[in-house]
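Got your viewer open? Load the model below, and let's take a walk through it, one selection at a time.

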Amino acid sequence: MPQTATPRLQASNLTRKFGPRAVVSDLSLTVAAGQVTCLLGPSGCGKSTTLRMIAGVETPDSGTIQIDGQIVCDATRHLPPEARGVGMMFQDFALFPHLTIAKNVAFGLHGDSAKKAARVRELLERVNLSGFDRKYPHELSGGEQQRVALARALAPRPRVMLMDEPFSGLDNRLRDGIRDTTLEVLKEEGAAVLLVTHEPEEALRMADEIALMRDGKIVQQGSPYNIYNAPADREAAAFFSDIN
Ligand code: ADP
Ligand code: MG
């Protein structure tokens, strides 16, 4: 992609205060279409608040958010989540228990029912759950439910996919496999992905770009290789030191 292309997601100078304390402070980041950027940092540093502002479920005190060059949030505008073209996936990915897997995936789709059915089929195939369409969530394992949640979030073809610690509720042994499947599906679908995690391994495994966050600010942004091999300071280095 040429360097001059408008980034899919551009957040500029976001600040969010709770009382006198800024939990996100003058934070800027961009994510290109087809790229996975991991917002990585310790618990409490402001990752979820950042993601929630981009999703439109939290209002910044100041700053601007643009998607494909269109302002979705600034001092005077605040588009609701459904008007932003963002998909969301959280750790607590609750599917609708009374709906079949196919209906869960179709939930955000509108219009022609043959087209909806085709899209549901395509996504269930992508997450390796063909044939699960008539089952109910309680008949699936945690890992399978998580893949359904991914299919559901991607079904309406979001321009930006926001993921907040989506794998942290899963069994350790399952996680690597699901990370790989998820990454494959995200790449096929081509959304810009902002993935929040406090686990360096996850960021190193999944990210095209890592934005290292501390105390409401991004302290370093770069490729996983650069961040791992040339951490900006001692604290950044310490954050990666538990990995072999
Ligand atoms: P992270 O996702 O990195 O763990 P959060 O964005 O959830 O961090 O939270 C950052 C800080 O903001 C935390 O100290 C948290 O307690 C505080 N915080 C988050 N939401 C609120 C809120 N609605 N009211 C007051 N404080 C909040
Ligand atoms: Mg969080």
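Leaving aside neighbours within four places in sequence, which residues is Ala155 in contact with? Select Ala155 and check: the contacts are Val105, Ala106, Gly108, Leu109, Arg119, Val120 and Leu123. Keep in mind as you click around that this is a predicted model.

Stay on Ala155 for a moment. You'll find it in the loop between α4 and β7. Is Ala155 buried or exposed? Ala155 counts as buried because 21 other C-beta atoms lie within 10 Å, and the cut-off for that label is 20 or more. Now add Lys116 to the selection: its C-alpha atom and that of Ala155 are separated by 8.9 Å, though the two residues are 39 apart along the chain.

Next, hop to Val105, one of the contacts you just lit up. Not counting residues up to four places away in sequence, Val105 touches Val120, Leu123, Leu124, Val148, Ala151, Arg152 and Ala155. Val105 also matters for the next selection, the largest nonpolar core, which has 62 residues. Which of its residues touch the most other members? They are Val105, Leu162 and Leu194. Helix α4 (residues 142–154) supplies the largest share of this core, with six residues. As background, nonpolar side chains tend to be buried together in soluble globular proteins.

Now select helix α5, residues 172–189. Its 18 residues reach 26 Å from first C-alpha to last, close to the 26 Å expected at 1.5 Å a residue. Colour the buried residues of α5, which are Ile178, Thr182 and Leu186. An α-helix has 3.6 residues a turn, so residues three or four places apart point the same way. What do the buried residues of α5 pack against? Show β3 (36–40), α4, β7 (160–164) and β8 (192–197), and you have the answer.

While you're on this helix, pick Lys187, which is also in α5. Lys187 is partly exposed, because 14 other C-beta atoms lie within 10 Å. Just past the helix, click Gly190, which follows α5 and has a positive phi, near 80°.

Now for a jump: draw a distance from Lys187 to Lys47. Their C-alpha atoms are separated by 23 Å, with the two positions 140 residues apart along the chain. Lys47 puts you at ligand 1, so show the residues around it: Phe18, Val23, Gly41, Ser43, Gly44, Cys45, Gly46, Lys47, Ser48 and Thr49. Which helix gives the most to this shell? Helix α1 (residues 47–55) does, with three residues. Colour the shell by class and you should count three nonpolar, six polar and one charged.

Two backbone oddities come next. Asn13, in strand β1 (residues 9–18), has a positive phi of about 55° although it is not a glycine. Asn13 counts as exposed because it has 12 C-beta neighbours inside 10 Å. Then go to Asp26, in strand β2 (residues 21–31), where phi is also positive, near 50°. Asp26 is partly exposed, with 14 other C-beta atoms within 10 Å.

To finish, select residues 9–240, the range an unreviewed UniProt entry annotates as "domain: ABC transporter". The end C-alpha atoms of this span lie 27 Å apart, and the span is 34% helix and 28% strand.

Definitions and conventions. Residues numbered from 1 in each chain as written. Chains lettered and ligands numbered in written order. Predicted model: local features only at pLDDT ≥ 70, side-chain atom pairs only at ≥ 80, totals over all residues. Near = placed C-beta within 6 Å. Helix = DSSP H or I, 4+ residues; strand = E, 2+ residues; numbered from the N terminus. Nonpolar A, V, L, I, M, F, W, Y, C, P; charged D, E, K, R; others polar. Core = buried A, V, L, I, M, F, W, Y, C linked by C-beta atoms within 7 Å. Contact = placed C-beta atoms within 7 Å. Expected span 1.5 Å × (residues − 1). UniProt positions renumbered as here; feature names shortened; annotations may be inferred.
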